[in-house]
Amino acid sequence: MTNRSNVTKQKLLDAATDIIMNQGVHQLTLDEVAKTAGVSKGGLLYHYASKEALMTAIVERLQQEQNELYASLQQEGHGPVEAFVRLFDETNLHPERSAIHIDVEKMIAFLTLFAVDQEYADRWKQDLDTFFAQFQKTADPVETMIIRYALEGMMMSEHFGVGVPPAELKQAIIARLIERAHDIDRQS
């Protein structure tokens, strides 16, 4: 694939992501994506044959970015469990690493993708199962999984806007989880 083709694909993914994040998934149409990206509809269809293919590519890009961030945190010297916790830390010194905020509608759109693209859903599930099987191989797998479920619970709470702790409490929780994760990584 040529560099120009990659640039066009990224423009299309950026446009689609912007539409979903700013206007909602109900506004995501191929026409609107092409218009926002400044690409012809034919150009869009050349790269993404359907709305579902475009949504799959968005999720795959987000997953790849998360994987790269996780790897970079480990390269900075954080152990695997601490790096996982830091993925959720929105107040670190790298604001470009902040997770995209997803409201209820966007979460439903994400889950809808799994109903539409079963092959992708199966691949995603297998990747996560593999990751978490390896992730829990620590000196304290119970504490490791408690950390995981605490973070996932906080994430879901934020996604659905239910029981969201004040920012200072959230940061205190994350700081405590980082301490616990650091201890686990040191023991492993």
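This report looks at how two helices meet and at a group of aromatic rings beside that topic. Keep in mind that the model is predicted.

Let's start with the helices. Helix H4 covers residues 51–75 and helix H7 covers residues 118–135; their axes come within 12 Å and cross at roughly 15°. Because angles under 35 degrees count as roughly parallel, H4 is roughly parallel to H7. The crossing of H4 past H7 is left-handed.

Who does the touching? On the H4 side you'll find Thr56, Val59, Glu60, Gln63 and Tyr70, and they meet Tyr120, Arg123, Trp124, Asp127, Phe131 and Phe135 of H7. Sorted by class, this contact has six nonpolar, two polar and three charged residues.

Now for the rings. The whole structure holds seven aromatic pairs. Here are two of them:

| Pair | Centre to centre | Angle between planes | Type |
|---|---|---|---|
| Phe84 and Phe131 | 6.2 Å | 35° | tilted |
| Phe131 and Phe132 | 5.0 Å | 80° | edge-to-face |

Take Phe84 and Phe131: Phe84 sits in helix H5 (residues 80–86) and Phe131 in helix H7, so their pair ties together parts that are 47 residues apart in sequence.

Which of these rings are buried, and which are partly exposed? Phe84 is buried, with a relative accessible area of 6%. Phe132 is buried too, at 9% relative accessibility. Phe131, at 26%, counts as partly exposed.

Zoom out a little, and ring pairs link Tyr70, Phe84, Phe131, Phe132 and Phe135 into a cluster. Tyr70, Phe131 and Phe135 also turn up among the residues where H4 and H7 meet.

Note on methods:
Residues numbered from 1 in each chain as written. Predicted model: local features only at pLDDT ≥ 70, side-chain atom pairs only at ≥ 80, totals over all residues. Heavy atoms only, no water. Axes fitted to C-alpha atoms, helices over the stretch in contact; angles between N-to-C directions. Helix = DSSP H or I, 4+ residues; strand = E, 2+ residues; numbered from the N terminus. Parallel < 35°, antiparallel > 145°, perpendicular 65-115°, else oblique. Left-handed = near helix turned anticlockwise from the far one by under 90°. Contact = heavy atoms within 4.5 Å. Nonpolar A, V, L, I, M, F, W, Y, C, P; charged D, E, K, R; others polar. Phe/Tyr/Trp six-rings, centres within 6.5 Å; stacked < 30°, edge-to-face > 60°. Buried < 20%, exposed > 50% of the residue type's maximum accessible area, 1.4 Å probe, protein only.
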